[in-house]
Amino acid sequence: MQFREAGSADVLAVVTLVESAYRGGSSREGWTTEADLLRGQRTDPDQVADLLAAPDTVLLVVDRGDDLVACCQLEKRGARAYFGLFAVSPGEQGGGLGKRIISYAEEYVAGQWSCRQMEMTVIRQRVDLIAFYWRRGYRDTGIRSPFPYGDERFGIPQRDDLEFTLLEKELAPRS
């Protein structure tokens, strides 16, 4: 297994991975599915390409052999870093890979960018996923933001009460 920064040649593989982890029938093989909350796409090639081109943003991917099996977005926001677009292939979920990626991402932003906090937004109704992050030391800030209803680039909601919650974690200083 190898961590690396994604490049433009990875765009379609990242989209395929993210879609498989969150939407449609294949997502039900893992535990991170959003298929009961949202239909439609989770991301698309333009969104992933935009992330790759964004300043102060890195898209990390994990290869196992020739297969891309996980990814996450890291964005430097001053002394904070944002963690997003986190996906693990459904067949790889439940084996500790997600925990390893989060730890690697935290070390990366603390070491490369001297960030002291990591933050992320999670759909508030994803109770099991939020519990996973709590076990990693993340805490709910109480800050909520609306789901982008009407913008199908982020999916087609199956409920009318979706919203995001902001989670954060203090990172240990690196010497």
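Visitor: Glu-19 is buried, so which side chain of opposite charge is nearest to it?
Guide: Arg-23 is the nearest, 5.4 Å away, and Glu-19 has no salt bridge. Buried means under 20% relative accessible area, exposed over 50% and partly exposed in between, with a 1.4 Å probe and protein chains only. A salt bridge puts a side-chain nitrogen of Lys or Arg within 4 Å of a carboxyl oxygen of Asp or Glu. For charge, Lys and Arg count as positive and Asp and Glu as negative, while His and the chain ends are not counted.

Visitor: And what kind of model am I looking at?
Guide: A predicted one: local features need pLDDT of at least 70 and side-chain atom pairs count only at pLDDT 80 or more, while totals for chains, interfaces and linings use all residues. Residues are numbered from 1 along each chain as its sequence is written, and side-chain values use heavy atoms, with hydrogens and water left out.

Visitor: Back to Glu-19. Which backbone nitrogen lies 2.7 Å from a polar atom of its side chain?
Guide: That of Arg-42. A polar contact is a pair of N or O atoms within 3.5 Å; within protein, one must be able to donate a hydrogen and the other to accept it, and residues adjacent in sequence count only if both atoms are side-chain atoms.

Visitor: Which helix is Glu-19 found in?
Guide: Helix H1, residues 11-22. Helices (H or I, at least four residues) and strands (E, at least two) are DSSP runs numbered from the N terminus.

Visitor: New topic, the sheet. What is the order of its strands?
Guide: The open sheet has seven strands in the order E1-E3-E4-E5-E6-E9-E7, with mixed pairing. Its edge strands are E1 and E7 (139-146), each pairing on one side only. From one strand to the next, the twist averages 30 degrees. Two strands pair if DSSP finds at least two bridges between them.

Visitor: Which strands does H1 touch as it packs on the sheet?
Guide: H1 touches E3, E4 and E5 (80-88), and its direction makes about 75 degrees with that of E5. Helix H3 (residues 45-53) lies across E3, E4 and E5 as well, running at about 115 degrees to E3. Contact means heavy atoms within 4.5 Å. Axes are lines fitted to C-alpha atoms, for helices over the stretch in contact, and angles run from 0 to 180 degrees between N-to-C directions.

Visitor: Why is strand E3 largely enclosed by the rest of the structure?
Guide: Because seven of the eight residues of E3 (residues 57-64) are buried. E3 runs antiparallel to E1 (residues 2-5), joined by four bridges, and Val-62 is the bridge partner of Phe-3. E3 also pairs with E4 (residues 67-77) in the antiparallel sense over eight bridges, with Leu-59 opposite Gln-73.

Visitor: Which residue takes a positive phi in the hairpin of E3 and E4?
Guide: Gly-65, near 65 degrees; two residues lie between the strands there. Asp-56, in the loop between H3 and E3, has a positive phi too, near 55 degrees. Leu-85 in strand E5 has a positive phi of about 40 degrees. Most residues other than glycine have a negative phi.

Visitor: Is Leu-85 buried or exposed?
Guide: Buried, with a relative accessible area of 13%.

Visitor: Last one: where is Gln-125?
Guide: Gln-125 sits in the loop between strand E6 (117-123) and helix H5 (127-135). A polar atom of the Gln-125 side chain lies 2.5 Å from the backbone oxygen of Asp-161.
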